[in-house]
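This report describes one protein chain for a reader who has not seen it before. Please look over the sequence and the model before reading on.

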Amino acid sequence: MSDATLHATNRDPGDFAVQISDQIESFIVAVTEVAKGDEPDSAVPFLLLEVSQLLLAGGRLGAHEDIVPDERYEPDLGPEGDVDELRERLARMLEPIDVYSEVFDPYEPRKAPVAARISDDLADVITDLRHGMAHYRAGRVTEALWWWQFSYFSNWGSTASATLRALQSLVAHVRLNQPLDDLDGLDTDEALSRAEGTLEEEAGQVMAQEIAGPLGLRPVK
């Protein structure tokens, strides 16, 4: 199917490229709206839902056969859009729980966890997705799918997965009325050299209800 056909006004909503682009565009729009901070009470549950839905698109791209671009060299898209404002807005809104601990490769079990930020992760994912969307909107559908698939494997898939685990863990702590380890002092600029058990021993305790209200979560009664 040609790019022109996919961009026709009667394009098939069941087409793979259309479905993937719709899911990706929905995620970009949704996270941008959350970052405005108009409804902070629903931010965390909404982000949990949106990242989960994005990873469905990622799974479909990952399971698809290798997508080969039409051109040998990727066309120049010009300067990348700035996501710093989005990142900063998310960081301010998520400040109590923005930093989390992550192990990058589950098949390297002796790797020490490192600090990451949900706000950085979401901005990074959106940068990748927007790059592919620029191809899509220019009518280069194959290049868009190729980029989304390639960057899913190389970057945004693992980044979004880590973010999802952090969001799911936060919601679980609150709903199950379990305390959260205080990550004050945990800095993304330096790698964590402590094992998880040591981190837990040294970290202070902060009750889940202290952040549940402002972030739209409610603990189990």
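Which residue follows H6, and is its phi positive or negative? The residue is Asn177, and its phi is positive, near 60°.

**Overall picture**

The model is predicted. The protein chain contains eight helices and four strands. Along the sequence, these elements come in the order α-α-α-α-β-β-α-α-β-α-β-α. Of the 221 residues in the protein chain, 39% are buried. The accessible surface of the protein chain is about 12400 Å², and carbon and sulfur atoms account for 50% of that area. Contacts between residues at least 6 apart in sequence can also be sorted by separation: 76% of them join residues at least 24 apart.

**Confidence**

For the protein chain the mean pLDDT is 78, with 69% of the residues at 70 or more. In residues 1-10 the pLDDT is below 50, and this stretch has 17 contacts in the model beyond near neighbours in sequence. In residues 190-210 the pLDDT is also below 50, and here the model has 30 contacts beyond near neighbours in sequence. Predicted coordinates should not be read in detail where pLDDT is low.

**Helix H6**

Helix H6 covers residues 141-175. A straight helix of 35 residues would span 51 Å at 1.5 Å a residue, whereas the end C-alpha atoms of H6 are only 42 Å apart. H6 has a kink of about 75°, and the kink is centred on Tyr152.

**Aromatic pairs**

Across the whole structure, a search finds six aromatic pairs. One of them joins Tyr136 and Trp148; this pair is tilted, with 6.2 Å from centre to centre and 35° between the planes. Tyr136 belongs to helix H5 (residues 118-137) and Trp148 to helix H6, so the pair ties together parts that are twelve residues apart in sequence. Both Tyr136 and Trp148 are buried. Ring pairs also link a cluster made up of Trp146, Trp147 and Phe150.

**Helix H2 and its contacts**

Helix H2 spans residues 16-35 and includes Ile20. Phe16 lies in H2 as well. Is Ile20 buried or exposed? Its relative accessibility is 0%, so Ile20 counts as buried.

Leaving out residues up to four places away in sequence, Ile20 touches Ala57, Arg60, Leu61, Leu145 and Trp148. Trp148 is the residue that pairs with Tyr136. With the same kind of neighbour left out, up to four places away, Phe16 touches Arg60, Leu61, His64 and Leu145. Arg60, Leu61 and Leu145 are therefore worth finding in the model when following the contacts of Ile20 and Phe16.

The table gives a C-alpha separation for each of these H2 residues.

| Residue pair | Separation in sequence | C-alpha to C-alpha distance |
|---|---|---|
| Ile20 and Ala57 | 37 residues | 5.9 Å |
| Phe16 and Leu61 | 45 residues | 9.4 Å |

Notes
Residues numbered from 1 in each chain as written. Predicted model: local features only at pLDDT ≥ 70, side-chain atom pairs only at ≥ 80, totals over all residues. Heavy atoms only, no water. Helix = DSSP H or I, 4+ residues; strand = E, 2+ residues; numbered from the N terminus. Buried < 20%, exposed > 50% of the residue type's maximum accessible area, 1.4 Å probe, protein only. Contact = heavy atoms within 4.5 Å. Areas by Shrake-Rupley, 256 points an atom, 1.4 Å probe, with all protein chains shown as cover. pLDDT = per-residue confidence, 0-100. Phe/Tyr/Trp six-rings, centres within 6.5 Å; stacked < 30°, edge-to-face > 60°. Expected span 1.5 Å × (residues − 1). Bend = angle between axes of the 7 residues up to and from the residue.
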